[in-house]
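Reader: I am new to reading protein models, and I would like a close look at a single part of this one. Could you take me through the whole first and then settle on one place in it?

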Amino acid sequence: MAAKNRWLLLIHQIPRTPSYLRVKVWRRLQRLGALQIKNSVYAMAAGEQALEDLVWVVREIEQGGGEASICEASFVHGLSDEQVEAAFRAARDADYRAIAADARRIGADLGRKDAAMPGLADEIERLKRRLAETTAIDFFKAASRSEALTSVGRLERGDKENKRRSVPAARDLKGKTWVTRRDVYVDRMASAWLIRRFIDPSARFKFVPSKKYEPRRGEIRFDMFGGEFTHEGDRCTFEVLSERAGLDDPALAPIGEIVHDIDLKDSKFERPETAGIERVLQGIALALDNDKGRLERSAPIFDGLYQLLGKKRKR
């Protein structure tokens, strides 16, 4: 007998009706990364999180009129612990290989299509989510993980490069309508100020729902899904826009750091002005539910910040 039970086994009996319950439980167990040993027996590597997850499955089964038990176990005859572990790896290997194949297919499409196409951007995001979900349930480090990570990483780099090529040159950014998500807050407020102040004083702004917006001729999207200017890696839209538009004014860098820390909440730069600017912008957002009004009210804040930080640089 093994000194320590390595596995949690879920043993259940689900009534024939309602029929959807069996499918629902099966899908839940798949998402958790459970391994089906027999028709009604599933295994997971022992651990506090695994136990909590299985307890929720048991409650769901019982609420649907079924029965279920969880037990700790080690395999001593028939299947061995090593064979069960290998089966877990094999299941994740299959997932990773499918992800890598899809990444290669999307990468081939990326070379032929416009990177800004909403359908292609959606596929890339879904694939990234699949990889993250699979990695989360890869309890024994399946061999194909590196292949999937490499394939998706290459796809992301190709997507970013295509987006860079598709972004208009700085001289072509004038006379455009800049489209962003409704309910503008810090990154969109600051980016709109940057556009009006340094790129095109006569820029027009349009506010739309967050997803599935098809841009029209003469429109440029920013800080939104599929946008020409939006977050890249750990950089906020303001930082990306400043770089892509070729704005090398030294006073803009600290503004970008302030916007970054408020927007991403990662305290990367920890500038002393950040907390005060955040409270002021929160007040503007609470006082105004009109996006145009928010841009007009926040612009003087960024004007003042620009003057302050510009003077600090000259000292």
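Author: Let us begin with burial in this predicted model, where 42% of the 315 residues of the chain count as buried. The surface that the chain exposes comes to about 17500 Å², and carbon and sulfur atoms supply 50% of that area.

As for the overall form, the C-alpha trace spans about 75 × 45 × 45 Å along its principal axes. The radius of gyration of the chain is 26 Å, whereas a compact globule of 315 residues would have a value near 20 Å. Ten helices and seven strands make up the secondary structure of the chain. If we take the contacts between residues at least 6 apart in sequence, 72% of them join residues that are at least 24 apart. The chain also carries 58 positive and 49 negative charges, and the mean positions of these two groups lie 4 Å from each other.

Now for the single place that you asked about, which will be A98, a residue in helix 3, the helix that covers residues 81-112. Is A98 buried, exposed or partly exposed? Its relative accessibility is 34%, and because buried means under 20% and exposed means over 50%, A98 counts as partly exposed. To place this residue against another part of the chain, we can turn to F238, which is 140 residues away from A98 along the chain, and the C-alpha atoms of A98 and F238 are separated by 36 Å.

Methods:
Residues numbered from 1 in each chain as written. Predicted model: local features only at pLDDT ≥ 70, side-chain atom pairs only at ≥ 80, totals over all residues. Heavy atoms only, no water. Helix = DSSP H or I, 4+ residues; strand = E, 2+ residues; numbered from the N terminus. Rg over C-alpha atoms; globule rule 2.2 N^0.38 Å. Buried < 20%, exposed > 50% of the residue type's maximum accessible area, 1.4 Å probe, protein only. Contact = heavy atoms within 4.5 Å. Areas by Shrake-Rupley, 256 points an atom, 1.4 Å probe, with all protein chains shown as cover. Lys, Arg positive; Asp, Glu negative; His and termini not counted. Charge placed at Lys NZ, Arg CZ, Asp CG, Glu CD.
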